[in-house]
Amino acid sequence: YFASIGISAMGETMKRALLLMTTAAAVTAAPASKTSPAFVTCPAVIQTKVSVAPKVAALHASRRDVLGSVASSLVGAASLSVVLPQPALADVTNKVASSAAIRVVKRSLRELEELRNSVDFEDYTAVKSGLRVPPLTEVRKNCCVLIKGGEDGPEAEALNEKYTAFIRSLEALDSAASLGLRGRKGVNMNEPFNDAVNGLKAFLEVAEQSAVIPVQYTEAQQS
């Protein structure tokens with residue numbers, strides 16, 4: 001009786017062992033499902049992850065290139081605005097003042113030429129008073145403005161020479177008119193008058209040439 005019970009118990013144990021072995025073999029041979037952890041590491045998914053990484057890196061690189069180009073353009077524009085030469089402020093001011101001075105000198109020349117009849121008729125009073133009304137009263141000041149405007153140009157020396165000759169003739173004309181008013185006989189006003197007119201014309205011609213010379217740039221601005 002006890003022997004039969006032992007054999008029966010041993011048979012049950014063997015059946016259970018065989019059932020466990022069969023089940024394990026079936027599980028090992030079955031294909032992995034999509035919900036199993038093995039699917040996460042499949043080659044397709046790995047390939048997808050690897051192929052996306054270069055695209056992201058390229059996107060970041062292109063953004064850096066664009067930002068770098070914009071920054072370089074801004075720096076270049078700023079450098080260009082700094083390097084561009086600018087005319088000297090004092091030189092520009094003198095050129096503007098010279099244009100106005102030339103107009104005054106031209107009017108002075110016309111007023112001086114209108115004294116010719118008074119000179120021919122030896123009207124000393126008219127000549128004397130004519131030299132003391134505008135714009136002739138301002139001719140010296142405006143001539144000096146033109147000399148100042150052309151002091152850095154090639155006509156600087158010529159401007160000074162023409163101005164000196166004109167003023168000398170103008171003062172000689174005024175002195176001759178004064179002598180005639182005091183009663184001196186044989187006073188000739190024609191010679192100093194012609195010299196004054198021609199002298200102012202010569203000065204005006206040089207001044208106009210000097211005024212059209214391009215403005216000068218300072219050495220610091222040129223470098």
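**Helix H8 and its neighbours**

In this predicted model, Val139, Cys143, Leu146 and Ile147 of helix H6 are in contact with Leu200, Phe203 and Ala207 of helix H8. The axes of H6, which covers residues 139-149, and of H8 come within 10 Å and cross at roughly 35°, and the crossing by which H6 passes H8 is left-handed.

The setting for this contact is a chain with nine helices and zero strands, so that, in the terms used for such runs, the pattern read along the sequence is α-α-α-α-α-α-α-α-α. Of the 223 residues in the chain, 26% are buried. Among the contacts between residues at least 6 apart in sequence, 78% join residues at least 24 apart.

H8 itself can be checked against the length expected of a helix: at 1.5 Å a residue, its 22 residues should span 32 Å, and because the C-alpha atoms at its ends are 31 Å apart, the two values agree. The buried residues of H8 are Pro192, Phe193, Ala196, Val197, Gly199, Leu200, Phe203, Leu204, Val206, Ala207 and Ser210, a list that includes Leu200, Phe203 and Ala207, the residues of H8 that meet H6.

H8 also packs against H7, with an angle of about 155° between the two helices and their axes 8 Å apart. Since angles over 145 degrees count as roughly antiparallel, H7 is roughly antiparallel to H8. The crossing of H7 and H8 is left-handed. On the H7 side, the contact is made by Ala158, Leu159, Lys162, Tyr163, Phe166, Ser169, Leu170, Ala172 and Leu173, while the residues that H8 contributes include Pro192, Phe193, Asp195, Ala196, Gly199 and Leu200, together with Phe203, Val206 and Ala207.

Within this contact lies an aromatic pair, and a search of the whole structure finds one such pair. The ring centres of Tyr163 and Phe203 are 6.0 Å apart and their planes stand at 55°, so the pair is tilted; planes would have to be under 30 degrees apart to count as stacked, or over 60 to count as edge-to-face. The pair links distant parts of the chain, with Tyr163 in H7 (residues 156-181) and Phe203 in H8 (residues 190-211), 40 residues apart.

Both partners are buried, given that the cut-off is a relative accessible area under 20%: Tyr163 has a value of 15%, and Phe203 has a value of 0%. Phe203 thus appears in the contact with H6, in the contact with H7 and in the aromatic pair with Tyr163.

Key
Residues numbered from 1 in each chain as written. Predicted model: local features only at pLDDT ≥ 70, side-chain atom pairs only at ≥ 80, totals over all residues. Heavy atoms only, no water. Phe/Tyr/Trp six-rings, centres within 6.5 Å; stacked < 30°, edge-to-face > 60°. Helix = DSSP H or I, 4+ residues; strand = E, 2+ residues; numbered from the N terminus. Buried < 20%, exposed > 50% of the residue type's maximum accessible area, 1.4 Å probe, protein only. Expected span 1.5 Å × (residues − 1). Axes fitted to C-alpha atoms, helices over the stretch in contact; angles between N-to-C directions. Parallel < 35°, antiparallel > 145°, perpendicular 65-115°, else oblique. Left-handed = near helix turned anticlockwise from the far one by under 90°. Contact = heavy atoms within 4.5 Å.
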